[in-house]
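Biologist: Please take a close look at one part of this model, the surroundings of the ligand. I would like one connected account, with the contacts and the pocket lining spelled out.

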Amino acid sequence: MKITIFGAGYVGLSTAVCFATKYDVSLVDVDHEKISAIKAGKSLIYEAQLDELLEKGLSSGNLRIFNIEENIPPSEIIFIAVGTPSDQDGYINLQFVRNVVKTIQKRQKEILNPNYSLIAIRSTVIPGTTRRYLQHLEKRGNIGIAFSPEFLSQGTAIKDTLYPCRMIIGSNTAMASTFLKSFYTNFYGEKIPILQMSIESAEFAKYAANAFLATKISFVNELANIVESVDDADIGDVMDSIGYDPRISPFFLKAGIGFGGSCFPKDVRALLQFAQDNLAEKPSLLNAVLEVNENRPLKVTKLLREHLGELDGKIIAIFGLTFKPGTNDIRETPALSVIRSLWRNGAKIHAHDPIIDRIDLRSFSRYGVKFFSDIESCLTGTHACILLTEWPEYQEISINKLVSNMAQKIIIDGRRIYADRKIPVDVCYLTIGSSINRKNHLPFNHTPNKSSNNLKSFDAPLSIDT
Ligand code: UGA
């Protein structure tokens with residue numbers, strides 16, 4: 001079986017190296033710099049196991065890399081895995097999908113197998129796209145079309161590709177569906193559920209999965225805000241308790257500074273726009289999911305100002321620039337909003353990330369950020385440390401060591417990684433969704449406020465007459 005994958009981004013590349021463990025794979029991209037790096041065995045993407053599999057694919061000859069201008073050998077399965085970013089107004093931008101379809105159309109004899117080829121879109125696209133872009137090719141005969149989404153998370157992309165929870169095939173012909181199903185069964189064996197449905201249901205399923213997970217996160221974050229107003233309550237304990245209910249599940253219940261990355265924000269925005277156009281009204285829940293999320297990063301700067309006062313001239317350490325651990329991706333990272341807000345308030349910013357050498361730092365540099373690859377140097381002389389990405393390196397460090405060279409011992413934990421630790425009395429530790437440590441550290445310029453008392457609806461605690 002020969003496979004061609006268009007798009008050498010994180011989905012295309014991860015898929016290519018995994019399928020190349022068994023099949024002949026041609027990986028194609030328009031970006032010459034990216035292609036030269038991949039040809040030389042350098043992925044540019046920081047992802048566990050990716051470099052090893054890339055090396056294996058290239059040395060075995062199963063994986064071949066092509067610039068779009070080069071001759072692409074014919075294949076039975078063509079996956080389109082190019083980016084579908086957001087436009088300014090939230091609509092999905094399909095120009096890269098369109099360009100690939102044009103290339104396939106123009107160079108059919110070269111790219112497609114003369115007997116039969118299946119073209120499947122793997123990029124996330126709004127319902128109706130696959131049919132709109134590919135149906136005219138299908139009509140020419142010997143070509144099947146499908147939509148088959150990916151469900152890879154960055155940081156675990158290889159594991160998710162090799163061991164998916166399910167595969168989805170959206171197709172309008174039995175032949176195309178059966179062809180792709182037999183390919184997946186051959187690769188994954190019989191244990192992985194393979195769901196066959198219409199193209200549009202499959203396109204929708206991808207949005208439904210991401211929108212649901214994003215909704216879970218915004219729900220938890222909204223609850224975290226409310227929990228903070230209740231003495232002695234902690235969002236971690238609350239969520240642990242509800243996660244045991246199988247109808248809820250323990251996953252994606254972590255409160256924090258909101259979701260970032262190249263998927264959730266973009267996909268919820270695209271679904272919102274799509275729904276608005278189709279229904280002529282704004283879907284209120286999806287809108288609220290984004291609204292809650294947009295306010296999350298500023299939560300940590302608000303906490304900081306409440307406890308440190310004016311930020312002008314203060315040095316603040318930022319721990320973690322990527323949108324999550326295990327990746328060098330900074331697309332829609334909450335760190336950028338936090339850094340921008342600190343800078344606007346006159347703070348000087350030190351930033352650390354365990355893989356700082358593999359991050360494109362240009363978007364942070366404009367805020368005068370000083371970058372560090374060493375934790376201790378980053379913290380020296382700082383007035384507070386804000387933790388934004390839950391890298392294992394930060395979890396391993398002791399609080400005493402962390403604060404030892406700080407000018408002021410304030411830690412704002414945007415990911416709750418130290419929430420269960422015993423905090424030394426001289427450290428002001430503040431985290432999301434908990435009032436437990438906060439009550440020991442009154443805000444800067446604190447004036448007692450009756451309305452913040454969570455017993456406000458009662459005049460006094462109830463006493464029971466005996
Ligand atoms: C997401 C989905 O999880 C994948 O299934 C999907 O295939 C992918 O998008 C995609 O559409 O390509 P990803 O964006 O890589 O994957 O990362 P996630 O692990 O889902 O995290 C997204 C954001 O949510 C991160 O900023 C993370 O910190 C945040 N998050 C996640 C929370 O704040 N709380 C949680 O409990 C979980």
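Modeller: A polar contact here is a pair of N or O atoms within 3.5 Å; within protein, one of the two must be able to donate a hydrogen and the other to accept it. The model is predicted, and every distance below is computed from it.

One contact within the protein serves as an example before the ligand. The side chain of His-352 reaches the backbone oxygen of Ser-373 at 3.4 Å. His-352 belongs to strand β10, which covers residues 348-352. The relative accessible area of His-352 is 3%, and because buried means under 20%, His-352 counts as buried.

Now the ligand. It is surrounded by 21 residues, and the closest of them are Glu-150, Gln-154, Lys-206, Asn-210 and Lys-324. Glu-150 also makes a polar contact through its side chain, with a polar atom 2.8 Å from an oxygen atom of the ligand. Two further contacts to ligand oxygen come from the backbone. In Lys-254, a backbone N or O atom lies 2.9 Å from an oxygen atom of the ligand. In Phe-323, a polar backbone atom is 3.2 Å from an oxygen atom of the ligand. Taken alone, the ligand exposes 720 Å², of which the protein buries 92%.

As for the elements behind this shell, α9 and α11 each supply at least two residues. The largest share comes from α9, with three residues. By class, the shell divides into 10 nonpolar, five polar and six charged residues.

The same two helices appear again in the second largest pocket, where α9 (199-227) and α11 (264-279) are among the elements that each supply at least two lining residues. The others are α1 (10-19), β2 (24-29), α4 (95-106) and α14 (362-365). Here the largest share, four residues, comes from α4.

The volume of the second largest pocket is about 1,400 Å³. Its lining has 49 residues, and those closest to its centre are Gly-9, Tyr-10, Lys-34, Gly-83 and Arg-331. The lining of this pocket is made up of 17 nonpolar, 16 polar and 16 charged residues.

To put the ligand site in brief: Glu-150 contacts a ligand oxygen through its side chain, Lys-254 does so through a backbone atom, and Phe-323 likewise through a backbone atom.

Technical notes:
Residues are numbered from 1 along each chain as its sequence is written. This is a predicted model: local features need pLDDT of at least 70, side-chain atom pairs count only at pLDDT 80 or more; totals for chains, interfaces and linings use all residues. Side-chain values use heavy atoms; hydrogens and water are left out. On a 1 Å grid over the protein atoms alone, a cavity is a set of points where a 1.4 Å probe fits but cannot get out, and a pocket is an open set with protein on both sides within 12 Å along at least five of seven lines; lining residues have an atom within 4 Å of a point. Grid points are joined across faces, edges and corners, and a volume is the space filled by probe spheres set on the points. Ala, Val, Leu, Ile, Met, Phe, Trp, Tyr, Cys and Pro count as nonpolar, Asp, Glu, Lys and Arg as charged, and the others, Gly among them, as polar. A residue is near a molecule or strand if one of its heavy atoms lies within 4 Å of it. Accessible areas come from the Shrake-Rupley method with a 1.4 Å probe; for residues, only the protein chains shown count as cover. Buried means under 20% relative accessible area, exposed over 50%, partly exposed in between (1.4 Å probe, protein chains only).
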